Amino acid sequence: MAVRTVFDSASVSVFDYRCEAKPGDAPFVEWHDAFSVSYVRHGSFGYRFRGSSYELVAGSFLVGHPGDEYMCTHDHIGADECLSFYFDPALVDTIGPSDAWQAGCLPPRADMMVLGELAQAAATSRSAIGIDEVGLLLAGRLVDSVSGRTRRPQNPPARDRRRAVETALWIDAHSHQPIVLDDAAAEADLSPFHFLRLFSHVLGVTPHQYLVRSRLRHAARLLADDSRAVTDVAFDVGFGDLSNFVRTFHRAAGVSPRGFRRAAKGDRKIFQDRLTAFSLR
C-alpha cells in the first residue's frame, strides 16, 4: 500500500492511497483509527464489515469509525485507489450525529461522487476550492445522507455576518501567508464546519476561494505597477508554486501573467484578441 499525504491540519487530514493487492493475496483484519471518508476513485475491492460483505467500485465511499474492525479483499480484480479524509473527533461533533459514521460504506451516489471528483481536482490543484473545504462538504453530506436529515439554509444574524466579513478582511490582509481553513475559523472563533457554511453563505465563495482570489488580485496589482519578476510576484503574494500561479492566473485572466503585464503596459492587442474571439462565438 502506497500512501501520500495530500493535506494535513489539526482538524482534517487527506491521504492518497494506492493499493496493489491482487486476487489470491490473503486478506487480514484491520481497524479504523479515526473518523474517515474515503472516495474510491479507481478500481474495486471487497469490504467485510460487521458480518456483512460489500463490493466497492469506483464512485463508492468507505466510511471509518474509530475502533471498528474490517477486512478488505480483492477476489475479483486487483489494485484500487482512494482519496481519504480523516477528521478530528471534536470536528465530527459539530457536523452531526456520530452514529452516521458507522455506516461502513456508501454505494455510488451522484451527490457524493461529484464532491469526490471535486476533491480530486482540489488535490491536484485544478480547483480553487480548498481540499479541506471539500472534506467538510463530504462529511456533512455523509451525515445528512445516512441520517436522512435535510439542512435548511438559515439567514445568519448580524453578529455572525460581521464575523464573516471581518474574517474575509483578515484573509485578504494575510493572503501572502499560508492560511488553511482551521486558521480562518479560529480567527472567527467558530468550528471549521460552521465557519465554512457561514462564510460561504454570507460572501458567496468559500474561504479558500476568497484566499486564492485575493492572491490573484494582489498579483494583478504587482504585475501592473511593479517590475519584479513573475516568479517573485508569485511567491510574494502567497503562491508556493510558480506553475500553479501561472495556471491559476491564466484561468482567471484569460492571459498569462506576462501577457497581463504587457497589456498593463499598453499592449492593447492582448485583450483585443480575446474580445474578437468572444464576438465570433
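**Entry 1: strand S8 and its partners**

I began with strand S4 (residues 35-49), which pairs with S8 in the antiparallel sense over 8 bridges. To fix the register on this side I looked up His42, and its bridge partner in S8 is Glu81. I note here that I am working from a predicted model, and that everything below should be read in that light.

I then turned to the other pairing of S8, and found strand S2 (residues 12-19) joined to S8 over 8 bridges, in the antiparallel sense. For the register of this pairing I took Cys19, whose bridge partner in S8 is Asp80.

Are the residues of S8 buried or exposed? The strand covers residues 80-87, and 8 of its 8 residues are buried. I sorted the side chains by direction: Asp80, Cys82, Ser84 and Tyr86 point one way, whereas Glu81, Leu83, Phe85 and Phe87 point the other way, and all are buried.

**Entry 2: the hairpin of S4 and S5**

I followed S4 onward to strand S5 (residues 52-57), with which S4 pairs in the antiparallel sense over 6 bridges. Phe49 has Ser52 as its bridge partner in S5. The hairpin of these strands has 2 residues between them, and when I checked the backbone there I found that Arg50 takes a positive phi near 50 degrees.

**Entry 3: confidence and overall build**

Before going on to the helices I checked how far the model can be trusted, and the mean pLDDT of the protein is 91, with 95% of its residues reaching 70 or more. Where does pLDDT stay under 50? I found this over residues 277-281, for which the model has 0 contacts beyond four places in sequence, and I leave that stretch out of my local notes.

For the whole protein I recorded 11 helices and 9 strands. The C-alpha atoms fill a box of roughly 70 × 45 × 35 Å along the principal axes. Of the 281 residues, 47% are buried. I also looked at the contacts between residues at least 6 apart in sequence, and 67% of these join residues at least 24 apart.

**Entry 4: helix H3**

I took helix H3 next, residues 131-147, which has 17 residues and reaches 24 Å from its first C-alpha to its last, close to the 24 Å expected at 1.5 Å a residue. Since 12 of its 17 residues are buried, H3 is largely enclosed by the rest of the structure. Among the buried residues I listed Ile131, Val134, Leu138, Leu142 and Val143, and the list also includes the acidic residues Asp132, Glu133 and Asp144. After the helix comes Gly148, whose phi is positive, near 75 degrees.

**Entry 5: helix H9**

Helix H9 (residues 242-253) has 12 residues, and from its first C-alpha to its last it reaches 16 Å, close to the 16 Å expected at 1.5 Å a residue. Which residues of H9 are buried? I found Asn244, Phe245, Thr248 and Phe249. Seen down the axis of H9, the buried residues fall within an arc of 120 degrees, so they line one face of the helix. I then asked what this face meets, and the buried residues of H9 pack against helix H7 (207-225), helix H8 (230-236) and helix H10 (257-264). Just after H9, Gly254 takes a positive phi of about 85 degrees.

**Entry 6: aromatic pairs**

My search of the whole structure for aromatic pairs finds 12. I looked up Phe15 and Tyr17, whose ring centres lie 6.2 Å apart with the planes at 50 degrees, so the pair is tilted. Phe15 has a relative accessibility of 18% and counts as buried, and Tyr17, with a relative accessible area of 19%, is buried as well; I note that the cut-off for buried is under 20%.

Phe195 and Phe199 form another tilted pair, 5.5 Å centre to centre with 55 degrees between the planes. These two residues are 4 apart in helix H6 (residues 192-203), and are therefore separated by about one helical turn. Phe195 is buried at a relative accessible area of 0%, and Phe199 counts as buried at 0% relative accessibility.

Last, I noted that ring pairs link Phe239, Phe245, Phe249 and Phe260 into a cluster. Phe245 and Phe249 are already in my entry on H9, among its buried residues.

Key. Residues numbered from 1 in each chain as written. Predicted model: local features only at pLDDT ≥ 70, side-chain atom pairs only at ≥ 80, totals over all residues. Heavy atoms only, no water. Expected span 1.5 Å × (residues − 1). Buried < 20%, exposed > 50% of the residue type's maximum accessible area, 1.4 Å probe, protein only. Pairing = 2+ DSSP bridges. pLDDT = per-residue confidence, 0-100. Contact = heavy atoms within 4.5 Å. Arc of directions from axis to C-beta. Phe/Tyr/Trp six-rings, centres within 6.5 Å; stacked < 30°, edge-to-face > 60°.
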